[in-house]
Structure formats: C-alpha cells, structure tokens
Amino acid sequence: MNSVDEFLGIFITEAKEELEGVTNLILEIPSKDSIKDLMRLLHTLKGNSKMLDLTDFSDASHILEDCVIAIDKGKLLGKEREVEFLLQGVDILNNAIISLEKKTTVKIPLKKLTEQFDNLKKSPKKASIMTTKIAEPLPDYNTINVTAENMDQLIRLSSQLQTKVSSIKITKANELLFKRNLREMELLLKQLNSTLLSARMYPLEKIFLRYPRMVRELATEQNKEIKFVVDSSKIELDRTVIDVLNDPLVHILRNAIDHGIEKKGIRKAAKKVERATIKISAEKYRDSVVIKIEDDGAGIDQEKVIQKAIEKGLIKKGSKLNEEDIFNLILHTGLSTKDKPSKISGRGIGMDIVYSNIKKVGGNVKISSKKGFGTIIELKLPLTLAIMNSIIILVGTHKFAFPLLRVSKIINYNEKIIKDYQYFPINKLLETQGEVNKLIIYEFENRHVALGITDVLYRKSILVNKPSKRLSSLPGIGGTTVLSSGKICPVLDLDPLLKRGEQIEKSN
C-alpha cells in the first residue's frame, strides 16, 4: 500500500464516523450547541478532503457548512426544508465515501446541490429537495480500530511476557523463584487477554445513534409526532453481538411507529400528549446487557393476539395462557395484530426476525404491554461471545460447561419444585447415566424450565472452540473448552437439546 492509499483509508474511516455525527447533529437543529458542533465537523470534512485533492467532496461539504452558518446567523430558520436539504447532502457524501471504498468514480451532483441551496436562501418553503438513496449500509463492525492506549498496553504486556519467559528459563533450578515467575506470567497473560477482548468491543451508542433519522422519516411519513430518546449508558458490546443487533432494532422501532404510536387525533381523544415518545436504553447486568425499547403508544391488545393465534392454529380455543404466554405468541412467524399490512409492518415477520437473531447469540426477548399505555420490549444479550461465563457441571461422571447467561437460579433437587416447571433430566437427553441432585432453573423460549443434573463443580469464564467432527454430531454440544487440568470439556448448546427433549415427550 502506497502513502496515498494509506491516507485515503484513514480519511474514509474518519469520514464515516464524522458523517454519522453530522446526521445526528442535524436532527438536533436548532440547538445552538449542535449547530456549533456541526460547523466544526463539516469544516473538518472540507479540510481533510481538500488535502487529498477530493475537490467535489470538499466543495459539497463547504455548501453544507454554509447552510449551517446561515441557520446560525438567522438567515435561515433551520426548519423542515433546511434539515431535509442537509440530510440529503449527507447522503450524497456517504455515497461518495462508498465509491471511494469500491474505487469507482465518485459522482457528486455539485451543480444541483448549489442550485438547491440558492433556492433555499431565496424561498425556503418552496425549495424542492432532491432525493438521494444510500447505495448500501456504511457501518463495518468487522474492522477493529485499536486505541493507542490499548496498543501501548499490548506492546508493554508482550515485552513483559518475553522477559518473564527468559526469567523462567534461568530460574528453573530455583523452585521458589520459578513458581513466583510462573504466577507473574499467568497474571500477565490474563491482562493480555483482557486487553485483546476490550479491542473487540464497540460502543452501543454508535449503533443507537443510527436510528434517530429513521424514526424521524417514518414519523413524518405517517404524520405522527415522535420524540426519540437515546440512553446507551456508555456500554460496549462485542462486535459479533453487534452484528446481529441492527435488524431486530430496526424491526422493533418500525413496529413501534406503525403499530404502537397512534395518530395525533386519537392520542388527543385519549387525553394523551400529541407528541409520542419512543425510548431506547441499555443497562448492564454482570456479564450481559439488557436493551429496552419502550413507547407510550396504544399497547398490545391481548384478546386480538389470542384470536389471531387461534386463526393461525398456534393455540386451541380456550387455552389457558398467562400474560407472558400471550405476548410470546407475537414472536411466531406470520402472527400480526394488524388487519392490513402496510409498507412498514404488519406481515408477521418482523418479530420472528427479532427473536431468531437474538437467539443466535444466546440472548432472549421479553415483551410487556398495557393496552392504551404502551409497550416495552427487552433484549437480553451477552456482552461478548469470545469469552463465555459458565459453570462446570457433572452429569453422572461426565463434565460439561453450562452457559450462565439464561440461568435464573440453581437449587437442590426437589420433587415438589419440578411440578412448577417443565422438567428435563439432562442425563437422559445426553443419553448417559447419572443421579439428579441439583436443578438449574433456565430460560428456554421465554419461559422457565427445570434441568436436572448431578452437581455443580465451579464457575469459570471459558473460551469456546469449535467441536471436533465426532462431538459436533452429538445433539446439544455447541463447542469445547480446555479446563485448567488441560482436559477438553464439551460446552452444552441447550436450545436444540431441550427441543429434542420436547419431541421425545410428545412422541411418548
């Protein structure tokens, strides 16, 4: 790679982040702070692109900067048309970045952009704004940007490890020094592992800030007024978890706007504020994060859900269901409470996609709602898939790693307790012998089940490896890990194992 390509690569990476920031700041206009930050970001884009001789990109950034300056000085009001113009300008720049990445010709309609800005200054209400579609999604979560601090830490730790290896070789004859050096080496390896894991993490805030524009555009299209609140609490997630998160969040937000939030007139008649609220937030719980999407809309009509489920053959008429069971029906393919599907939602596919994607990473979905007051959807996800918090269990004489993410509690075996849950003896599912002395209460398909095992040995954070061909053919084995003893231990994949258990129950 020559120096020009290297600088271009740096520019593309930085421009993507800066344009994301520009988009979200545009949506905050006419806030004075956002206007100042907008001018700073657009000025940076203009300067950096000019240095690389990307003249049209620089000129387009300059036009957008002039528009923001005009809003700041009061020459433009910063209302709907100005915001629309700026957003379309950002789309043009995003498409230019995609072209630079693909090494294809960069086409920027500079003349049209200039004409539109001139018309906007003359008559903001009458100015027509061109529509630009983004060629493809920009974010790339597979690219890891390691911070200088993390890089320095990695270099420092690798250097210390090299020194420690040399010390171990020298002190082999001295047992006391040898053991001390070995302990210090173990500590350094843990620190190295922790630093490498932190490099895989991605700020959740950057994902959440992709959605204000989508919410605004859908709300405008449906003539609804929506306040969108984002609170990420500075939480970071592993990129492998982030990869599956976008589609579920898009579907949930689209459903909230289309299904949940009522028209202004309906809200007014119900004595609700005309401006609805959708809030997306995140909270960390030990080794997992719960993302909560809540709205103050119409809520879910439980009777309608039951009726639709009967029509689809998902349940029988007269089935006894609690509130949680009813809401979980929404996660089935093809079930929608909407009589007519719209362009946005209503085909009964969206929530199935949500559930399928979240399950891929061992997560869970919880729905709660009150008719007339709104809906809350919670997505429980692991912080990382690289390291799994687990317990090492005994089933008979065999050791297995059991993922902790969906474990509610562990109790002594009790016949009275298993009557309250669907019960699965793990030894029978794994076709092995063994006593049942402990029960693991586990979340399976949005309900709690009891799993019978022989014993719990200890808790351990494990690195999951792909199973061997022989092990992968066994039901319920999702991978392997290496224990401190050096022995290979199978990692249980509970969902397929429990589904197999249900099939056995039905056939019996």
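This is a guided tour of a predicted model, stop by stop.

**Stop 1: the five-stranded sheet**

Select strands E2, E4, E5, E7 and E6. They form an open sheet in exactly that order, E2-E4-E5-E7-E6, and the pairing is mixed. Go to the edges next. E2 (226-231) and E6 (364-370) each have a single partner strand, so one side of each has no neighbour in the sheet. From one strand to the next, the twist averages 15 degrees.

Now keep E5 and E7 on screen. E5 covers residues 288-295 and E7 covers 374-382; they pair antiparallel over 8 bridges. For one rung of that ladder, pick Lys-292, whose bridge partner in E7 is Glu-378.

**Stop 2: the helices across this sheet**

Add helix H11. H11 lies across E2, E4 (276-285), E5 and E7, and runs at about 20 degrees to E5. H11 has 15 residues and spans 20 Å from first C-alpha to last, close to the 21 Å expected at 1.5 Å a residue.

Colour H11 by accessibility. How many of its 15 residues are buried? The count is 11, so the helix is mostly covered, given that buried means under 20% relative accessible area. Among the buried residues are Leu-249, Ile-252, Leu-253 and Ile-257. Polar residues appear in that list too, including Asn-246, Asn-255 and Asp-258.

Then add H15, residues 350-360. H15 lies across E6 and E7, at about 140 degrees to E6.

**Stop 3: the largest nonpolar core**

Stay in this region and show side chains. The largest nonpolar core holds 53 residues. Which residues touch the most other members? They are Leu-249, Ile-291 and Leu-379. Helix H11 (residues 246-260) supplies the largest share of this core, with 6 residues.

Centre on Leu-379. Beyond four places in sequence, its contacts include Leu-245, Leu-249 and Ile-252. Val-289, Val-290, Ile-291 and Ile-293 are also on its contact list. So are Val-354, Ile-358, Asn-364 and Val-365.

A second core is separate from this one. That core has 39 residues, Ile-12, Ile-29, Met-39 and Ile-97 among them. In soluble globular proteins, nonpolar side chains tend to be buried together.

**Stop 4: Phe-85 and the cysteines**

Select Phe-85, in helix H4 (residues 80-102). Is Phe-85 buried or exposed? At 0% relative accessibility, Phe-85 is buried. Now draw a C-alpha to C-alpha distance from Phe-85 to Leu-64. The two are 21 residues apart in sequence and 8.5 Å apart in space.

Select the cysteines next. There are 0 disulfides in the structure. Cys-67 has 0% relative accessibility and counts as buried. Cys-489 is buried as well, with a relative accessible area of 1%.

**Stop 5: strand E8 and its two partners**

Jump to E8, residues 387-395. E8 is mostly covered, with 8 of its 9 residues buried. On screen, add E14 (residues 455-463): 8 bridges join E14 to E8, and the two strands run antiparallel. Leu-394 has Asp-455 as its bridge partner in E14.

Now add E9, residues 398-403. E9 is joined to E8 by 6 bridges, again antiparallel. The bridge partner of Ile-393 in E9 is Phe-400. Zoom in on the link between these strands. E8 and E9 form a hairpin with 2 residues between them, and Gly-396 in the turn has a positive phi of about 70 degrees.

**Stop 6: the four-stranded sheet**

Select E10, E12, E13 and E11. These 4 strands form an open sheet in the order E10-E12-E13-E11, with mixed pairing. E10 (407-412) and E11 (422-425) stand at the edges; each has a single partner strand, so one side of each lacks a neighbour in the sheet. The average twist from one strand to the next is 25 degrees.

Inside this sheet, E12 (residues 438-444) pairs with E13 (residues 447-453) in the antiparallel sense over 7 bridges. Lys-438 stands opposite Ile-453 in E13.

**Last stop: Asp-495**

Finish on Asp-495, in helix H19 (residues 494-507). Asp-495 counts as buried at 8% relative accessibility. Which residues does Asp-495 contact, leaving aside neighbours within four places in sequence? They are Lys-359, Arg-406, Tyr-442 and Phe-444.

Key. Residues numbered from 1 in each chain as written. Predicted model: local features only at pLDDT ≥ 70, side-chain atom pairs only at ≥ 80, totals over all residues. Heavy atoms only, no water. Pairing = 2+ DSSP bridges. Axes fitted to C-alpha atoms, helices over the stretch in contact; angles between N-to-C directions. Disulfide = S-S within 2.5 Å. Buried < 20%, exposed > 50% of the residue type's maximum accessible area, 1.4 Å probe, protein only. Core = buried A, V, L, I, M, F, W, Y, C linked by side-chain atoms within 4.5 Å. Contact = heavy atoms within 4.5 Å. Expected span 1.5 Å × (residues − 1).
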